[in-house]
Amino acid sequence: MPAMQITLTRPDDWHLHLRDGAALATVAPFTAERFGRAIIMPNLNPPVTAVDEAEAYRGRILQALPDNSDFEPLMTLYLTDRTSADEIARAAEAPHVHAVKLYPAGATTNSESGVTDIARAMPALEKMAELDLPLLVHGEVTRAEIDMFDREQVFIEEVLAPLLERLPALRVVFEHITTAAAVDFVRASSHRIGATITPQHLLYNRNALFSGGLRPHMFCLPVLKRERHRAALVEAATSGNPRFFLGTDSAPHPRHAKESDCGCAGIFSAHCAIELYAEVFEQAGALERLEGFASHFGADFYGLPRNQGTITLRREPWQPPATLPMGEDTLVPLRAGETVAWRLPREARAL
Ligand code: DOR
Ligand code: ZN
């Protein structure tokens with residue numbers, strides 16, 4: 001008989017986009033209902049490049065949360081060609097800054113100020129290795145001649161492997177991995193390398209981008225890959241290997257920016273994120289391993305205590321709404337109008 005209910009240590013989301021202003025107010029409560037903490041991505045416009053900016057952003061996030069929420073945003077800095085070793089030293093001392101994010105320039109949303117050549121970021125990276133401040137990487141090369149579906153693998157070969165060789169003490173999270181190559185690389189690397197995996201890369205392959213027509217709401221970066229890669233990610237996530245842990249990459253964009261001539265990358269999943277991971281683990285016959293992936297391994301990797309509380313999910317199919325209001329805009333959530341198999345109890349949720 002299938003499980004009808006599961007209770008987990010409250011999970012954390014180790015990769016999240018909350019945005020600012022009206023979007024922040026719309027999306028933050030969904031994450032706070034489910035997760036105890038989240039690593040907050042710094043790709044605002046302008047980006048969060050300094051400790052005082054991260055502190056100010058944290059204040060705006062706390063303001064956007066419901067009054068009774070004890071959700072904790074874990075802040076990050078955005079690495080640029082000009083990030084100084086001094087700023088890294090300040091970040092390592094700052095109580096609320098937990099990591100620094102590398103966006104290769106041009107790789108994704110608001111990455112224009114990102115790193116143009118890893119050699120330029122070396123003073124900052126050396127300081128991070130020295131002070132054990134984790135580097136979070138968007139692992140894709142951006143050269144136009146590299147095939148969109150190969151960008152992660154080429155990044156491993158050209159950037160990540162040489163970087164780890166040069167700075168073996170650097171703690172790295174390979175974010176939102178999408179390929180068997182990335183899984184193999186993390187498995188074979190030292191214990192200082194972890195990886196996050198999103199719900200969309202566990203549930204969908206690239207056919208989802210084209211099912212019956214072009215599906216802009218299934219477009220994210222790194223882009224969905226072929227089935228063999230999805231299967232390798234599921235195997236990694238459900239294996240119990242503590243170097244793979246939960247990071248949703250929930251990334252809201254207004255509907256008009258997605259359904260556009262040049263649509264933005266990003267899938268919003270915060271309204272049903274832990275529920276979707278439960279689907280993945282259930283389908284893999286590994287529900288008993290969900291708690292490690294969702295609630296233990298990320299905290300252990302970051303050297304933070306595991307959460308104290310719990311959440312309960314029930315096996316109760318429901319349909320997310322077609323759209324959610326987001327300020328003057330609307331947001332199309334993942335699984336809009338379709339079914340999600342698991343649900344938070346009524347008293348714990350807004351939808
Ligand atoms: O799909 C994505 N959306 N990938 C990213 O790397 C960034 C994110 C965003 O900020 O919208
Ligand atoms: Zn992201």
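Asp132 is partly exposed, with a relative accessible area of 32%, and I would like to begin with this residue, bearing in mind throughout that what we are looking at is a predicted model. Asp132 sits in the loop between H4 and strand E6, the latter covering 135–137, and its phi is near 55°, which is a positive value in a residue other than glycine. Asn110 is a second such case, with phi near 50°, again positive in a residue that is not glycine. The place of Asn110 is the loop between strand E5 (97–102) and helix H4 (122–131), and at 22% relative accessibility Asn110 counts as partly exposed, since buried would require a value under 20%. As background for both residues and for what comes next, most residues other than glycine have a negative phi, and most peptide bonds are trans.

That brings me to the cis peptide bonds. One of them joins Asn45 and Pro46, with omega at about 0°, and Pro46 is found in the loop between strand E3 (37–40) and H2. Another joins Leu221 and Pro222, where omega is about -5°, and here the proline is in the loop between helix H7 (199–203) and helix H8 (227–237).

Let me turn to the metal site. Which protein residues act as donors to the zinc ion, ligand 2? They are His15 and His17, each through NE2, and Asp249 through OD, and these donors lie 2.0 to 2.1 Å from the zinc ion. Written as a sequence pattern, the spacing of the donor residues is H-x1-H-x231-D. His17 belongs to the loop between strand E2 (13–16) and helix H1 (21–34), whereas Asp249 belongs to the loop between strand E9 (244–246) and helix H9 (255–258), so this pair ties together parts of the chain that are 232 residues apart in sequence. Are His17 and Asp249 buried or exposed? Both of them are buried.

One of the donors, His15, also appears among the contacts of Thr196, a residue of strand E8, which spans residues 193–197. Thr196 has a relative accessible area of 0% and is therefore buried. If we leave aside its neighbours within four places in sequence, Thr196 is in contact with Trp14 and His15, with the run of Val173, Phe174, Glu175, His176 and Ile177, and with Phe245, Leu246 and Gly247.

For a contrast in exposure we can take Pro168, which lies in the loop between helix H5 (151–166) and strand E7 (172–174). At 57% relative accessibility Pro168 counts as exposed, because the value is over 50%. The C-alpha atoms of Pro168 and Arg192 are separated by 8.4 Å, although the two residues are 24 positions apart along the chain.

Now to the helix packing, where I have two pairs to show. H1 and helix H2, residues 51–64, pack with their axes 9 Å apart and at an angle of about 70°, and that angle makes H1 roughly perpendicular to H2. The crossing in which H1 passes H2 is right-handed. On the H1 side the contact is made by Leu24, Ala25 and Pro29, and on the H2 side by Arg60, Ile61 and Ala64. Sorted by class, that contact holds five nonpolar residues, no polar ones and one charged residue.

The second pair consists of helix H6, residues 180–188, and H8, which pack at an angle of about 30° with their axes 8 Å apart. These two helices are therefore roughly parallel to each other. From H6, the residues Ala180, Val183 and Arg187 meet Arg228, His229, Ala232, Leu233, Glu235 and Ala236 of H8. How do the residues of this contact of H6 with H8 divide by class? They comprise five nonpolar, one polar and three charged residues.

I will finish with helix H10, residues 273–283, in which nine of the 11 residues are buried, so that this helix is largely enclosed by the rest of the structure. The buried residues in H10 are Ala273, Ile274, Glu275, Leu276, Tyr277, Ala278, Glu279, Val280 and Phe281. After H10 comes Gly285, whose phi is positive, near 70°.

Conventions. Residues are numbered from 1 along each chain as its sequence is written. Chains are lettered from A and ligands numbered from 1 in the order in which they are written. This is a predicted model: local features need pLDDT of at least 70, side-chain atom pairs count only at pLDDT 80 or more; totals for chains, interfaces and linings use all residues. Side-chain values use heavy atoms; hydrogens and water are left out. Donors are N, O and S atoms within 2.8 Å of the metal (3.2 Å for Na, K and Ca); water is not among the atoms, so sites may look incomplete. Helices (H or I, at least four residues) and strands (E, at least two) are DSSP runs, numbered from the N terminus. Buried means under 20% relative accessible area, exposed over 50%, partly exposed in between (1.4 Å probe, protein chains only). Axes are lines fitted to C-alpha atoms, for helices over the stretch in contact, and angles run from 0 to 180 degrees between N-to-C directions. Angles under 35 degrees count as roughly parallel, over 145 as roughly antiparallel, 65 to 115 as roughly perpendicular and the rest as oblique. A crossing is left-handed if the near helix is turned anticlockwise from the far one by less than a right angle, and right-handed if clockwise. Contact means heavy atoms within 4.5 Å. Ala, Val, Leu, Ile, Met, Phe, Trp, Tyr, Cys and Pro count as nonpolar, Asp, Glu, Lys and Arg as charged, and the others, Gly among them, as polar.
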